[in-house]
Amino acid sequence: MSTPDSITAAAILPLVGGPANVLTVAHCMTRLRLGLRDGGLVDEAGLRALPAVLGLVADDGSYQIVLGPGTVARVTPAFEALLASAPAPLAPHGAEPATAPATAPGAESGAGPGAGPGAEAATTADRLALRGAELKASRSRRNATPLKLFLRRVADVFVPLIPALIGCGVIAGLNGLLINLGVLRGLTPALTAIAAGFMALIAVFVGFNTAKVFGGTPVLGGAVASVVVYAGVAKVTVLGVTLAPGQGGVLGALAAALLGTYVEKWCRRWVPPTLDVLVTPTLTVLLTGLVTLYALMYAAGELSAAIGTAAAWLLSTTGALAGLVLGALFLPLVMLGLHQALIPIHTTLIEQQGYTVLLPVLAMAGAGQVGAALAVYVRLRHDTSLRTTIRSALPAGLLGVGEPLIYGVSLPLGRPFVTACAGGAAGGAFIGFFSMLGDRVGSTAIGPSGVALFPLLSGNRGLAVTAAIYAGGLLTGYAVGFAATYFFGLGGTLRNGPDGGLDRDTGGASPAHRSEQAAV
């Protein structure tokens, strides 16, 4: 029987060029990530018209369809099942374009022959979507640097761990609530074991994924990373200091598996094929294990401790200022591709302290986006196409999925993106201020944001106080993002045109030219 998710998968497949055009399939928390043979076969207009699709992102060889948390985890298996059951293509590659929609590029904007008098220019939403696609493509080209590509691969190590972090984080929060209330005391030890089990072995999963992402044998990556959490390391002394199980944490596991991958690749090149099955895994585990014990665990342990100390000092000493800066700069970091460097930091803080104090502050950037979008919705009340885009993207924005609002509204318009960052700065400063007062707000997992972060909140003053501070930060971000955009984000010369679209005082410019200016 067909389900909504299988129907969505079936609708997506032909719009990305059919089974023959799909090379790889994966997903993260919110996006279906496809490796395509030919990106030119994608029908973006058709994809955007699907109710389940919240946005599209083309990024360095992968095509990403934003479906939102939960939905993407259900649609991906259905999509993979369709690919598995698809017959082998009979026509040579390249035949697809003949069956693509016959609408010419200019037809959507009304520029083609035969367009009616009311179709002189595209709707505002279409123009902004086109502008957003151009900005995404430009960002992808700028982000294709060795450092950013490396950070993206590091992020790919941790993203598959997010569902387990979320599940264990919610259980840990529930368990803490039961302990504080003094109820179900016979159950709380079991919940503690369930919530803590994954975190106790997270280094092994990090090692496994690191080897997988960087081209090694995953199980060898897990094997060398398991050294980090093995209880017997307590008998090893380095520089006069006895190692502790788990010292170095996920950073040590990441470094160990990276080294193991390069040792394995070296062995594959130089070890004779007849000895490869015995020598390569042995040398990989032995050499990497020794380096991990006598160098990486100690160094990564010092780095992890420094990260924890720095995060605590930053928010407790310069909380309001630090929150303002972090909340304001997070979205630009996302645009530059540098936000991925924060994922190992979040994971390290969760491993050390039980929660990351940085994520709630950074989540305020999404609150600023929501406030900015609401202001655009109110100011441009006659622009039905843009208001429709905002209405469809707002629920996802409230849940922390910001791509539809960023690429469909604020970034193409330009100034609202800046005023949204101002809202994020205000929300971050709000939470940072309370950190200075000793009220820490943290998240027991990474991935969710916005309203969806409430079940994962944790802190040092109880759940009620922590949730109240986080809610205050969200409301501050919404309010400042709205006010900044309403009064400053759309410009003094911007107004609603008589046709319901954006209009400017352009000194007698043609309607089409005014439409182009409005989109910029």
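**Loop residues, salt bridges and helix H12 in the predicted model**

With a relative accessibility of 71%, Leu-239 is classed as exposed, since the cut-off for this class is over 50%. The structure described here is a predicted model. Leu-239 is located in the loop that runs between strand E5 (237–238) and strand E6 (241–242). The phi angle of Leu-239 is positive, at about 55 degrees, although the residue is not a glycine. Most residues other than glycine have a negative phi.

A second leucine is described in similar terms. Leu-184, also not a glycine, has a positive phi of about 50 degrees. The position of Leu-184 is in the loop between helix H6 (162–181) and helix H7 (188–200). Leu-184 is exposed, its relative accessible area being 52%.

The protein chain as a whole contains 19 helices and ten strands. Of its 520 residues, 46% are buried. The chain exposes an area of about 23,500 Å², and 68% of this area is supplied by carbon and sulfur atoms. When contacts between residues at least 6 apart in sequence are considered, 70% of them join residues at least 24 apart.

Five salt bridges were found in a search of the whole structure. Side chains of opposite charge can pair when their charged atoms come close. One of the five is formed by Asp-5 and Arg-74, with the closest N and O atoms 3.0 Å apart. Asp-5 belongs to helix H1 (residues 4–15) and Arg-74 to helix H3 (residues 71–85), so this pair ties together parts of the chain that are 69 residues apart in sequence. Asp-5 is buried, with a relative accessible area of 16%, whereas Arg-74 is partly exposed at 46%.

Arg-268 takes part in two pairings. In one, the side chain of Arg-268 meets that of Glu-264 in a salt bridge of 3.0 Å, N to O. Both residues lie in helix H10 (residues 249–270), where they are four residues apart, about one turn of the helix. An α-helix has 3.6 residues a turn, so residues three or four places apart point the same way. In the other pairing, the side chains of Arg-268 and Asp-276 form a salt bridge at 2.5 Å, N to O. Glu-264, Arg-268 and Asp-276 are thereby linked in a network of salt bridges. With regard to accessibility, Arg-268 is partly exposed, with a relative accessible area of 39%. Glu-264 is buried at 5% relative accessibility, and Asp-276 is likewise buried, at 17%. Both acidic residues of the network fall in the buried class because their values are under the 20% cut-off.

Helix H12 covers residues 342–353 and has twelve residues. The distance from the first C-alpha of H12 to the last is 16 Å, close to the 16 Å expected at 1.5 Å a residue. The buried residues of H12 include a run at its start, Leu-342, Ile-343 and Pro-344. His-346, Thr-347, Thr-348, Leu-349 and Ile-350 of H12 are buried as well. Just after the helix, Gly-354 adopts a positive phi of about 95 degrees. In contrast to Gly-354, the residues with positive phi described above, Leu-184 and Leu-239, are not glycines.

Conventions. Residues numbered from 1 in each chain as written. Predicted model: local features only at pLDDT ≥ 70, side-chain atom pairs only at ≥ 80, totals over all residues. Heavy atoms only, no water. Helix = DSSP H or I, 4+ residues; strand = E, 2+ residues; numbered from the N terminus. Buried < 20%, exposed > 50% of the residue type's maximum accessible area, 1.4 Å probe, protein only. Contact = heavy atoms within 4.5 Å. Areas by Shrake-Rupley, 256 points an atom, 1.4 Å probe, with all protein chains shown as cover. Expected span 1.5 Å × (residues − 1). Salt bridge = Lys/Arg side-chain N within 4 Å of Asp/Glu carboxyl O.
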